[in-house]
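This report follows ring pairs, one helix and a set of charged contacts. Keep the structure open while reading.

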Amino acid sequence: MKNKSARLSAMVVTAATTVALLAGCATAPSSGDSTDSERVSVGFSLKTQDAPYFVALGEAIKRYGEDLGWDVTVLDAGNDVQQEASNLETFVSQRKDVIFIDPVEPEAALPSIALAADSEIPVIAVDNAAAEGARIVTNVYANNPENARLVGLAYAEANNDPIEAVILSGSKVDLGSYQRRVGLLAGVIEYRTQKSAEVALADAVALEQALKDNGSASYAEAQLKLVAQGFGDWSEEGGLQAMEDLITANPNVTTVFGENDNMLFGAMTALQNAGKSDIDMVAAADGAAKALSLIAAGEYFATGLNSPDLIAETAVAIAAQILAGKKSADEFDFVTLTEPVAITKKNVEQYMDRGF
């Protein structure tokens, strides 16, 4: 694959990478380093537990914290902003040393985060970002556009044939959803046309808009045709239902682009039920354990590294540095992105322990 230094600068917030943080994880402070006599007490308000990803995120925050001798309490917000606010109020009243939050809605979380900040409790957002202006240490999440771009580049490098694809999207309005589908398209366009990353991104944005406006779109120079888009609400069942409708109307599909693994698992079932085979499955994210196994078996082309384990490890490492007095809360960038990776058959064995 052609290695280019340009990145999706128009879509990625300037952020610290996690290399230095994770290098320090092995020597992260014990609870004895963090406080003189009391155990560190940590609270995590988790957006929901209705999907394996979020369950794994909650378990990983708890595991990494407890490895440092911390007491970690995880409360489920149940996708309810009022419950999330109640969770934060509980943590503040309990005088937690650190609060982690996976915001249900970026804007709705601001008053609760401010309540904690007023009590001088550092707050770290994980997975979903808090809105601009949030009084947090940092937002820790995967590099959605770059993950997707790398997957698109890898797929274009491996496949010289014309692409006739459907796209399974998680949401019509979610920024992460948009970044993932545009990033996939940008990677394919960049590799096949040898345009710069910036130009390829602009072309991908225009292509995505044409798909939205017309229900289909094509980019002749890259031999890329988008025949339809379905919305699966991030779930396996949603992907199954969306794909059942799409495959009937588009029998010549060569590729399914998905914005996460779960929807593609559903799509694979729909294709199997329809007697369809030899269709490439290409996910912008997440790195689910099932996806990694399918990649290793050659039954799934790629996924992006959006690991709840890596996000949790990074966030806990940041909190540990603050509690140990090695860094102050205001020394971190507003966004901390985890390492972007396209996981393919070439490198899947390196990431098996990051699956969920």
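Tyrosine 155 is buried, at 1% relative accessibility. Phenylalanine 257 is also buried, again at 1%. The model is a predicted one. The two rings form an edge-to-face pair, because their centres are 6.0 Å apart and their planes stand at 90 degrees. Tyrosine 155 belongs to helix H6 (residues 144-158) and phenylalanine 257 to strand S10 (residues 255-258), so the pair ties together parts 102 residues apart in sequence.

The structure holds six aromatic pairs. One of them joins tyrosine 53 and phenylalanine 54 edge-to-face, at 5.6 Å centre to centre and 80 degrees between the planes. Tyrosine 53 is buried, with a relative accessible area of 8%. Phenylalanine 54 is buried as well, at 15%. Tyr53, Phe54 and Phe356 make up one aromatic cluster.

**Helix H3**

Does the length of H3 (residues 52-67) agree or disagree with its residue count? It agrees: at 1.5 Å a residue, its 16 residues should span 22 Å, and the end C-alpha atoms are 22 Å apart. Buried residues of H3 include Tyr53, Phe54, Leu57, Ile61 and Tyr64. The buried residues of the helix pack against strands S2 (41-46), S3 (71-76), S4 (98-101) and S5 (123-126), and against helix H12 (308-323). Just after H3, glycine 69 has a positive phi of about 85 degrees.

Charged side chains also sit over rings. Arginine 63 lies over the face of tyrosine 64, 5.0 Å from the ring centre. Lysine 172 lies over the face of phenylalanine 231, at 5.3 Å.

**Salt bridges**

The structure holds 14 salt bridges. Three are listed here.

| Acid | Base | N to O distance |
|---|---|---|
| Aspartate 71 | Arginine 39 | 2.8 Å |
| Glutamate 208 | Arginine 181 | 2.8 Å |
| Aspartate 309 | Arginine 354 | 2.5 Å |

Aspartate 71 is in strand S3 and arginine 39 in the loop between helix H2 (31-34) and S2, so this bridge ties together parts 32 residues apart in sequence. Aspartate 71 is partly exposed, at 36% relative accessible area. Arginine 39 is partly exposed too, at 47%.

Arginine 181 is buried, at 3%. Glutamate 208 counts as buried, at 1%. Aspartate 309 and arginine 354 are both buried. Aspartate 309 lies in helix H12 and arginine 354 in the segment after strand S14 (342-343), so their bridge ties together parts 45 residues apart in sequence. Shared partners join Arg63, Asp309, Glu313 and Arg354 into one salt-bridge network.

Conventions: Residues numbered from 1 in each chain as written. Predicted model: local features only at pLDDT ≥ 70, side-chain atom pairs only at ≥ 80, totals over all residues. Heavy atoms only, no water. Phe/Tyr/Trp six-rings, centres within 6.5 Å; stacked < 30°, edge-to-face > 60°. Buried < 20%, exposed > 50% of the residue type's maximum accessible area, 1.4 Å probe, protein only. Helix = DSSP H or I, 4+ residues; strand = E, 2+ residues; numbered from the N terminus. Lys NZ or Arg CZ within 6 Å of the ring centre and 35° of its normal. Expected span 1.5 Å × (residues − 1). Contact = heavy atoms within 4.5 Å. Salt bridge = Lys/Arg side-chain N within 4 Å of Asp/Glu carboxyl O.
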